[in-house]
Amino acid sequence: MKHTNKDLLLKGLKFLAGALPLSFIGPVVLFSSFKNQESPGFLPVLVFALAAMAAAIFLMFKGIQTVMKALFD
């Protein structure tokens with residue numbers, strides 16, 4: 001009978017825990033960026049928001065993939 005790889009499961013949960021704040025920070029900063037389009041800092045804030053959202057998606061994908069590997073491999 002196979003057992004859960006606890007070390008791999010914790011690694012996957014760490015990925016998911018890192019994705020959680022980014023999934024809230026990214027859209028909030030993006031909304032703030034679009035509200036202040038006239039300011040000179042619009043482009044760097046926009047790039048930061050898009051990078052945060054992309055990182056959240058990537059970390060969610062890696063986290064779910066790692067948890068599934070820990071449970072079923």
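## Helix H2

Let's start with helix H2, which covers residues 42–72. In this predicted model, H2 has 31 residues, and at 1.5 Å a residue these should span 45 Å. The C-alpha atoms at the ends of H2 are 45 Å apart, so the expected span and the model agree.

Several residues of H2 are buried: Leu-46, Ala-49, Ala-52, Ala-56, Leu-59, Gly-63, Thr-66, Val-67 and Ala-70. What do the buried residues of H2 pack against? Their partner is helix H1, residues 6–35.

## Helix H1

Now for the partner helix. H1 has 30 residues, which should span 44 Å at 1.5 Å a residue. Its end C-alpha atoms are 45 Å apart, and this agrees with the expected span.

If you look for the buried residues of H1, you will find Gly-12, Ala-19, Gly-26, Val-29, Leu-30 and Ser-33. H2 is included in what covers them, just as the buried residues of H2 pack against H1.

## Met-60, a place to see the two helices meet

Met-60 is a handy residue to pick out in helix H2. Is Met-60 buried, exposed or partly exposed? Its relative accessible area is 34%, and because buried means under 20% and exposed over 50%, Met-60 counts as partly exposed.

Leaving aside residues up to four places away in sequence, Met-60 touches Leu-16, Ala-19 and Ser-23. One of these, Ala-19, is among the buried residues of H1. Another buried residue of H1 is Gly-12; Met-60 and Gly-12 are 48 residues apart along the chain, yet their C-alpha atoms are separated by 9.0 Å.

## A nonpolar patch on the surface

Next, turn to the surface. Ile-64, Met-68, Leu-71 and Phe-72 make a nonpolar patch of about 400 Å².

Leu-71 is one of the patch residues, and it lies in helix H2. With a relative accessibility of 39%, Leu-71 counts as partly exposed.

## A pair of aromatic rings

Finally, here is a feature to find among the side chains. A pair of aromatic rings is described by the distance of the centres and the angle of the planes. How many aromatic pairs does the count give? The count comes to 1 aromatic pair. The rings belong to Phe-34 and Phe-42, with centres 6.1 Å apart and planes at 50°, so the pair is tilted.

Phe-34 itself is partly exposed, at a relative accessible area of 44%.

Terms used
Residues are numbered from 1 along each chain as its sequence is written. This is a predicted model: local features need pLDDT of at least 70, side-chain atom pairs count only at pLDDT 80 or more; totals for chains, interfaces and linings use all residues. Side-chain values use heavy atoms; hydrogens and water are left out. Rings of Phe, Tyr and Trp (its six-membered ring) pair if their centres lie within 6.5 Å; planes under 30 degrees apart count as stacked, over 60 as edge-to-face and the rest as tilted. Buried means under 20% relative accessible area, exposed over 50%, partly exposed in between (1.4 Å probe, protein chains only). Helices (H or I, at least four residues) and strands (E, at least two) are DSSP runs, numbered from the N terminus. The expected span of a helix is 1.5 Å times one less than its number of residues. Contact means heavy atoms within 4.5 Å. Patches are made of residues with over 30% relative accessible area and no salt bridge: like charges are joined within 9 Å, nonpolar side chains (Val, Leu, Ile, Met, Phe, Trp, Tyr) within 5 Å. Accessible areas come from the Shrake-Rupley method with a 1.4 Å probe; for residues, only the protein chains shown count as cover. A salt bridge is a side-chain nitrogen of Lys or Arg within 4 Å of a carboxyl oxygen of Asp or Glu.
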